[in-house]
Each structure stands twice: as structure tokens, then as C-alpha cells.
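Here are some friendly notes to read alongside the model. I have set them out as numbered points so you can check each one at your own pace.

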Amino acid sequence: MTFADADLDAALAGAHIPSLLAALVHLAGDARHLADFDRPVYEFFGDGQGNLSADQQDRARTLARRLLIAHRDGAPLSSRPAEAAVRAAMDFIAGVDIPPNYVAFLTNELGLDGPEARRLAVPIDAPAAAKAEFPVIVIGAGMSGLLMATALADAGLPFTVIEANADVGGTWFANRYPGVRVDTPNHLYSYSFATEQAWPKLYSTGDVLHDYFARFADAKGLRQHIRFSTRVEAATWDAGAGVWHVRLDTGETLTARAVVSAVGQLNVPKYPDLPGTFAGPAFHSARWDASVDLADKRVAVIGTGASAFQFVPEIAPVVGHLSVFQRTPPWLGPTPDYHDATPAATQWLIDHVPFYANWWRFWLFWMLTDGILAAVTRDPGWTGAGAISPVNDELRQALTGYVAAQVEDRPDLLAKLIPGYPPGGKRMLRDNGVWVNALKRPNVDLITERVVALEPNGVRLASGAIAEADVLIYGTGFTASDFLSTMTVTGEGGRDLHEGWAGDARAYLGMTVPGFPNFFMIYGPNTNIVVNGSTIFFSECAVTYIAGALKLLVERGVTAMAPKAPVHDAFNVRVDAANAEMAWGAAGVDSWYKSASGRVSQNWPFALVDYWNTTRKPEEADFEIK
Ligand code: NAP
């Protein structure tokens, strides 16, 4: 390792001190130095330095300087300090004593043995001929489908991926609206075994993410297995032959021993059910029509969810006039660096300080995951409005203050911008001020009156007034509760998956359904997260589990496995009870997380560690195996 002292000093000035101190455990060989520092105490939306005093931060930099220069000049690295030292560093960086049941999970997440050691490889110990007789069809080549394909390639099973789009990337291929970007920090939003250390921004834009997944598909040689621009219309279980017949929109029918749906939840646009017809160009955020020139036009946007929140600030300076129709305001989470380039100091530390990247990712993981669950869990003794517990109310006050500070010069906006539902009821949107700035522009109106109809020249409001527009953009989200709605799935005895669900999708661990042998879902029912973490984590867990199921089928030479109905039902009872305790399950909170019946059909209500633990491998006792 070589570097100039001046570069080191510049980088240390911008270090995340808790990550730096944790990383120093590898240089020091033990965790002795952590005792010289206060354990970080993090605040909602603080600077992340855990309230370490300026003096302590300086001492941390001085220590790091000494150890790093010694290492550069020849001192060896203790790449794997004793387990107790790693535990001490985990407790330190998290700012709490990490519960024992989290240790294996978080050690895996930390990835000290290198990214390749974290691969999802689930080797299948079977003759090549047995594997050759077990073709698998994966539906979708987005983030989850590519993961599943990688696991299948590793396991040596033949597979075909059917992808409706012309390229890989799923949501990052489909969503091309101005401003589209991830809202999970990118150093966390990446496969755990294919971490990218040179993200140009802390939160990448859609094109950069699409490029990441496209490069991943290339590097793994997956494209040769993918049939692009092809849709699955139907999948039918043939119990006699023990296979699925998968009909494509090309007219072909493929046969597979197992089917894995990786179609995602947020891809079928939802359009409001409004009477009338608009005469001008109209499109949905996920079907952005770049051929429509918005310059100087009167544009109407319906919806103020995560998508509109990103494109409204981009188009506001371009359009002539913008009417933003809001039914429910979102909570805004202060994220001043949301649009920032990755700071040079951060990149330098990632590149030069051994294990800094691991610990920084670990910190992002912890802070965004189970660390925040308590703030969105109901306190049965709490009776106040707009919150579900004292800590949730504390969050509400902090977030309200954050918005109020932004509209001091426009008090008329304040009431419109404060949600009535508790923080965590819907996904909080990362905000660096551009949303409110856009709404404050003289050419922008935030309209909270209900839209009741389309008119040729605009939209009609409940009062009868017509808001005129030349272009209409729907930021109205997706039909997320209608899982797998673009295909028919027929299981044992001719059972139709959607008929069985009756609009209320359920599955065991989000992946399997009784009566549908060898049929698996990634990002299926109750595997979405609201506040805690990255969907990539869930997909990795699901793929590990599904690969384990395929291993069981192939190694045992059995034909079919489907979850036992009582196991599935009991799991869903637990899920429903737990979701009722969370902010997103609260009465009066209406969102895409709930099906038409009001049941939370999307979200995982438990800790991430619970999903990790239950998805290490399938429990044979949970399944009917034939
Ligand atoms: P969304 O969160 O479902 O928001 C849809 C918006 O349209 C809401 O404001 C909704 O109001 C409104 N709406 C729906 N139907 C309406 C109607 N008939 N009349 C008036 N308003 C109506 O959809 P989204 O913004 O596309 O985001 C969906 C999800 O995608 C997000 O929750 C997030 O998980 C993901 N996403 C993530 C990012 C990111 O930053 N990485 C970006 C975009 C999307 P109500 O709230 O009152 O229903």
C-alpha cells in the first residue's frame, strides 16, 4: 500500500469515525483502542458520527494516521482479529450490545472473508445426468432473477430466464423518468457478494444501477440463458409428469421441473379510475414518454409518492406550469447528501483502509435495518394521534420540524405537507430540499383537492373546477397487491393461484404456496420492507432458500415439494398479527402495502435476522414431499 501523508490527512478529515475505529481493529490486531472512545450514540437523522466529541474524533484520526502509516511502512495486517475483537467492534459501531441471535447474521453481512465467501452457492451433490434432467425456468431478469440465475449456474442446473423487457435490470430498466434513483445508500444497495466500491454517487441514478446489473449479467455469463422481449402467459403443473408447462407469448410451451417467479411487485402501472378522456399526451412514471416535450407546457401530475417525488423537481424548471395533485403527503427523511457525489475522502478510505468498506457497509446495514424497527412499532399504551408510540411521536415531531423549517417563507404549504399517518406508515422519502423548493416555485401549484374526472383539456376537481393541462403524468404507483397478475398459474388439481388468493396473496415465507409444487417466488407476498433495509437482502435470502429446495429435490431424486397448508396458514397468522403492530399496519393508513381487503399483503413485519434465519435452508418438515 502506498499513499502520501497529505492524502491520508485529507481523507481522514472526511472519515466516518465509527467505521474508521472499527476498521482499525484489523490494523491493531485487537479491539483495545475502542475502550478509549465513547460508544457512539446515534440520533434520528444525525451526522452519523454518533455524538463523538470533536476531541475524540481528532484522537481517532491521530490513531488511524499512526496505524495506517505504520502499515504502509511494513507493519502487518491482522486480517481476521479474534472473534471477541470483531464482536467488540460490532457493538461499538452499532452503538448497542448486539443481541447474541444477531451475531451469525451480522458476521455474514460483514463479509470479512471477502465477497466471494458470501456467494449464494448451494452446491448440489448429484450426478450430471440427474442435474440435466432438472431444468428450471426463472421469470424475470431483474435484480432477483439475475441472482437466481447465478445460483442455478453455480449449482449446475439447466435454466432459462424469460424476460418481458428487452434487457436485464427490471425496475432499473423500466423506470426512466427524470430523477430516478435509489433511496438505499448504494454501498449497501448492491449484491453482498458483488459489492461495487466505486459508486460515483452515494445514491445512484437509474442508469448507473441498470449498468451495474447489466455488467453483473455479463460477468456471470447469464445473457445466453435469457429470452428477452418474451412474456410468460401461463404456468401449469402436470402432476403425472412432475413438471411445469410454461406457455410463452411466442406460442411456445417450455417444460421445467421447477419455476421461480422473480417478477417483482412494482411493475404493473396503476392508473386512477377516473371517468372521461384527456385529449393530450398522458403517461405513467414507469412508462415515461421522452418524446413528449414538456418545455413551457402546462403539466398535471397525479400522485406524490416516491416516483413523483423524484421527477417533479426535475421537470418543474422546464415546464410552463405544473399542477401537482396530492392525495396524501409523504413523510420526508432529511438526507442532505442524497444527490451528492461519493466524497473523495470516502472513496480514498474505501480504497486504502483495510476493511473500511466492510465496516461502512455494516454500519449502513445496521442503521437502516433492525436498528430502526422499534421506532415504527406500536406501543399498546399510546393513544396520541398521528403516531403509534412515544418514540414514533418523537420521530413525528422531528420530521414535522424539518418540513416546517423548509416552508418558513410559505406557511400556506405547511398543513399540506404534514402527513396525518404515523411515520413509517409508508416509505419515508429521502429529501435534500429539492421537493419543497420545487413546490415553492411560482410556476408550481400543490393541489390537495380531489381529482374526480379527466377532461379533454385537463382534470376536473371535486369542486367542479377544471385544472387545465397540456400533458398529464401519472405518478400513481403500481398494482402491487395483484401478485403475478400478468400470468395464470395452475397448480395441483387444476387450482388457480389467483382464485385461491382471491385478491389477497399469501405465501409461506413469501416463496411457496400449498398445492403449487416446485413453484417459488422471490419478492413474493410479505417480503417487502418499509423502513428496514434493502430489497436485495431479501432476494439473497430467498434465492438461498430456493436453491436449497432445488438441492433437496435433485439430491433426493423426489418429484415435488409444496408447503404443508397448516405450516403456511400458521405463518400467515403470525405475519398478520405482527403487521398489525407496525406503523404500516395501523388503522387508517392506506397504501399499496395493503390489499383491497385491508390486509398488509406486502410487508415483512419481523426483523431481518428472522428472515435470514428462516431462509438458510428449507425445513423438510414444512413440506409435502413426493
Ligand atoms: P406510490 O408510492 O404508490 O405513490 C402513488 C401516489 O399516487 C400516491 O401519492 C397516491 O396517493 C397517489 N394516487 C394513487 N392513486 C390516486 C388517485 N386515484 N388519485 C389521486 N392520487 C392517487 O407509487 P410510486 O411513487 O411509484 O412508488 C411506489 C414504490 O416504488 C415506492 O413506495 C417505493 O417502494 C418504490 N420506489 C422507490 C423509489 C426510490 O427512491 N428508489 C422511487 C420510486 C418508487 P395515496 O398515498 O393517497 O394513495
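1. Val-299 has Leu-322 as its bridge partner in strand S10. This is a predicted model, so please read every value below as computed from it. The pairing belongs to strand S9 (residues 298-302) and S10, which run parallel to each other and are joined by five bridges. How much of strand S10 (residues 321-325) is buried? Four of its five residues are, so the strand is largely enclosed by the rest of the structure.

2. Next, the ligand and its surroundings. There are 23 residues around the ligand, and those that come nearest are Thr-304, Ala-306, Ser-307, Thr-328 and Lys-426. By residue class, the shell divides into nine nonpolar, nine polar and five charged residues. If you are setting this site up on screen, helix H10 (residues 306-315) is a handy landmark: with three residues, it gives the largest share of the shell.

3. The shell also draws on more than one domain. Domain 2 (134-267 + 483-625) supplies at least three of its residues, and domain 3 (282-337 + 392-474) likewise supplies at least three.

4. Which polar atoms of the protein lie close to ligand oxygens? A polar backbone atom of Ala-306 is 2.8 Å from an oxygen atom of the ligand. On the side-chain side, an N or O atom of Gln-310 lies 3.0 Å from a ligand oxygen. For Arg-327, the distance from a side-chain N or O atom to an oxygen atom of the ligand is 3.0 Å. As for burial, the ligand taken alone exposes 910 Å², and the protein buries 83% of that.

5. Now to a hairpin that is worth a look. Strand S5 (residues 243-248) and S6 run antiparallel and are joined by four bridges. Among the residues involved, Val-246 has Leu-254 as its bridge partner in S6. Four residues separate the two strands of the hairpin, and in the turn Gly-251 shows a positive phi of about 100 degrees.

6. Which side chains of strand S6 (residues 253-256) are buried, and which are not? The side chains alternate along the strand: Leu-254 and Ala-256 point to one face and are buried. Thr-253 and Thr-255 point to the other face and are not buried. Leu-254, the bridge partner of Val-246, is thus on the buried face.

7. Two residues other than glycine have a positive phi and may deserve a glance. Ser-229 has a phi near 50 degrees and sits in the loop between strand S3 (226-227) and strand S4 (232-238). Its relative accessible area is 48%, so Ser-229 counts as partly exposed, just short of the over 50% needed for exposed.

8. The other is Leu-484, with a positive phi of about 55 degrees. Leu-484 lies in the loop between strand S17 (471-474) and strand S18 (488-490). Is Leu-484 buried or exposed? Its relative accessibility is 5%, and because the cut-off for buried is under 20%, Leu-484 counts as buried.

9. Last, Asn-579, which belongs to helix H18 (residues 565-579). Asn-579 has a relative accessible area of 1%, so this residue is buried. Its C-alpha atom is separated by 10.0 Å from that of Arg-378, although the two residues are 201 residues apart along the chain.

Note on methods:
Residues are numbered from 1 along each chain as its sequence is written. This is a predicted model: local features need pLDDT of at least 70, side-chain atom pairs count only at pLDDT 80 or more; totals for chains, interfaces and linings use all residues. Side-chain values use heavy atoms; hydrogens and water are left out. A residue is near a molecule or strand if one of its heavy atoms lies within 4 Å of it. A polar contact is a pair of N or O atoms within 3.5 Å; within protein, one must be able to donate a hydrogen and the other to accept it, and residues adjacent in sequence count only if both atoms are side-chain atoms. Accessible areas come from the Shrake-Rupley method with a 1.4 Å probe; for residues, only the protein chains shown count as cover. Ala, Val, Leu, Ile, Met, Phe, Trp, Tyr, Cys and Pro count as nonpolar, Asp, Glu, Lys and Arg as charged, and the others, Gly among them, as polar. Domain bounds come from an automatic or database domain assignment. Buried means under 20% relative accessible area, exposed over 50%, partly exposed in between (1.4 Å probe, protein chains only). Two strands pair if DSSP finds at least two bridges between them.
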